[in-house]
Structure formats: structure tokens, C-alpha cells
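Me: I would like to learn how to read the features of a helical model step by step, starting from the idea of exposure. Could you take me through the one shown here?

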Amino acid sequence: MFEFLFAQSSAIARYRSAPLLEERIRYLAHCKQIGIKLETLRKIASHQLSLVCTLDLRDSDDDANLRKLEGWSLPEERKLQPRARRLAFNHADRWLHFLGWRTVPEAACHAHTREVTAFMAHV
């Protein structure tokens, strides 16, 4: 996969030597299959590598990886970040969802959800 994305052997080696190789390749192959452009695939690969290095994620250590991910960038904090950083977080977050390592937080309920539900049931 990295040979498809990058021409320089040093870049390919860097991406291949980082942890979670199989997981990263599986997601990139999925993205390629659904038609994501080459330029975007390169960005996704870069954001994956950045996340793996920043959080010091490791192969065969899912429990430790999940603990590190628990405090990783709350959505409210992302809104305050520059656009490029938000994009990196979004790519990494989609990858983690794909792996099943991160679940979508429950949406905050509106203060009158119960009343609206009851009303809709009687309409």
C-alpha cells in the first residue's frame, strides 16, 4: 500500500516500521476501495502515523492503546484547533472507528426529549 502512496524508499520504510502496520494498511485499503483520492490517502496515512507516534501506540497492546485513546481529543477541544489539526483528528478518528477502538459518543439529549417523544407517540 505504501509503495502505491509514496515514491521515496525512506518514506515507505518509515511508514512500514511504525506500529499498527496491519491496522493502518487495512484502513487505507478500505479508503482506496471506496474511491478516496490519492492525495487524501497520503494525508490519512500521515495522520495515522502521527497519531501512532504521538500517543505511543504499540502492536499487541490493545488495552494500553485503548487507555491512551480514552483521553484523546474531545470534540469540544477540536473545534478550537486550527483547521489542519481538526482535519488530522477527523482522519484519525475515522480510522479508530473503523477499527472499533473508538465509539461515537452518545448525543446530548435535548432538555425536552421526553416530552417530544411522548407528543410524537400520540400524533
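Reply: We can begin with the terms for exposure: a residue is called buried when its relative accessible area is under 20%, exposed when it is over 50%, and partly exposed in between. With those cut-offs, and remembering that this is a predicted model, Glu22 and Gln33 of helix H3 come out as exposed, on the side of H3 away from its buried residues.

Me: Which residues of H3 are buried, and why do they line one face of the helix?

Reply: The general idea is that an α-helix has 3.6 residues a turn, so residues three or four places apart point the same way. In H3 the buried residues are Glu23, Arg24, Tyr27, Leu28 and Cys31, and because they fall within an arc of 125° when seen down the axis, they line one face of H3. The elements that cover these buried residues include H1, H2, H4 and H7.

Me: How does the span of H3 compare with the one expected at 1.5 Å a residue, and what follows the helix?

Reply: H3 has 13 residues and reaches 18 Å from its first C-alpha to its last, close to the 18 Å expected at 1.5 Å a residue. After H3 comes Gly35, whose phi is positive, near 100°. H7 can be read in the same manner: with 17 residues, H7 reaches 24 Å between its first and last C-alpha, close to the expected 24 Å, and the residue that follows H7 is Gly100, with a positive phi near 80°.

Me: Which residues of H2 are buried, and against which elements do they pack?

Reply: In H2 the buried residues are Ala11, Ile12 and Tyr15. They cover an arc of only 100° around the axis, which puts them on the same side of H2, whereas Ser9 and Ser17 are exposed on the other side. The elements against which the buried residues of H2 pack are H1, H3 and H4.

Me: How many helices and strands does the whole protein have, and what share of its residues is buried?

Reply: The secondary structure comes to eight helices and zero strands, and of the 123 residues in the protein, 32% are buried. A view of how the chain folds back on itself comes from the contacts with a separation of 6 or more, of which 57% are between residues 24 or more positions apart. As for the surface, the protein exposes about 8500 Å², with carbon and sulfur atoms supplying 55% of it.

Me: How many residues are in the largest nonpolar core, and which helix gives the most to it?

Reply: The general idea is that in soluble globular proteins, nonpolar side chains tend to be buried together. Here the largest nonpolar core has 25 residues, and those with the most contacts inside it are Phe2, Leu5, Phe6, Leu28, Ala45 and Trp95. At least two residues of this core come from each of H1, H2, H3, H4 and H7, and H4 gives the most, with six residues. Phe2 illustrates how such a residue links separate parts of the sequence: leaving aside neighbours within four places, Phe2 is in contact with Ile12, Tyr15, Arg16, Leu21, Arg24, Ile25, Leu28 and Ala45.

Me: Is Phe4 of H1 buried or partly exposed, and which residues does it contact?

Reply: Phe4, which is found in H1, counts as partly exposed because its relative accessibility is 42%. Apart from neighbours within four places in sequence, Phe4 is in contact with Lys32, Leu38 and Leu41.

Me: Where is His47, and which residues does it touch?

Reply: His47 is in H4 and is buried, with a relative accessible area of 15%. Not counting residues up to four places away in sequence, His47 touches Leu87, Ala88 and His91. Of these, His91 is among the buried residues of H7, which also include Phe89, Ala92 and Trp95. Lys43, likewise in H4, counts as partly exposed at 36% relative accessibility, and its C-alpha is 9.3 Å from that of Leu87, although Lys43 and Leu87 are 44 residues apart in sequence.

Me: How many disulfides does a search of the whole structure find?

Reply: A disulfide is a covalent bond between the sulfur atoms of two cysteines. The search of the whole structure finds zero disulfides. As for individual cysteines, Cys31 is buried, with a relative accessible area of 1%, whereas Cys53 counts as exposed at 52% relative accessibility.

Key:
Residues numbered from 1 in each chain as written. Predicted model: local features only at pLDDT ≥ 70, side-chain atom pairs only at ≥ 80, totals over all residues. Heavy atoms only, no water. Core = buried A, V, L, I, M, F, W, Y, C linked by side-chain atoms within 4.5 Å. Buried < 20%, exposed > 50% of the residue type's maximum accessible area, 1.4 Å probe, protein only. Helix = DSSP H or I, 4+ residues; strand = E, 2+ residues; numbered from the N terminus. Contact = heavy atoms within 4.5 Å. Arc of directions from axis to C-beta. Expected span 1.5 Å × (residues − 1). Disulfide = S-S within 2.5 Å. Areas by Shrake-Rupley, 256 points an atom, 1.4 Å probe, with all protein chains shown as cover.
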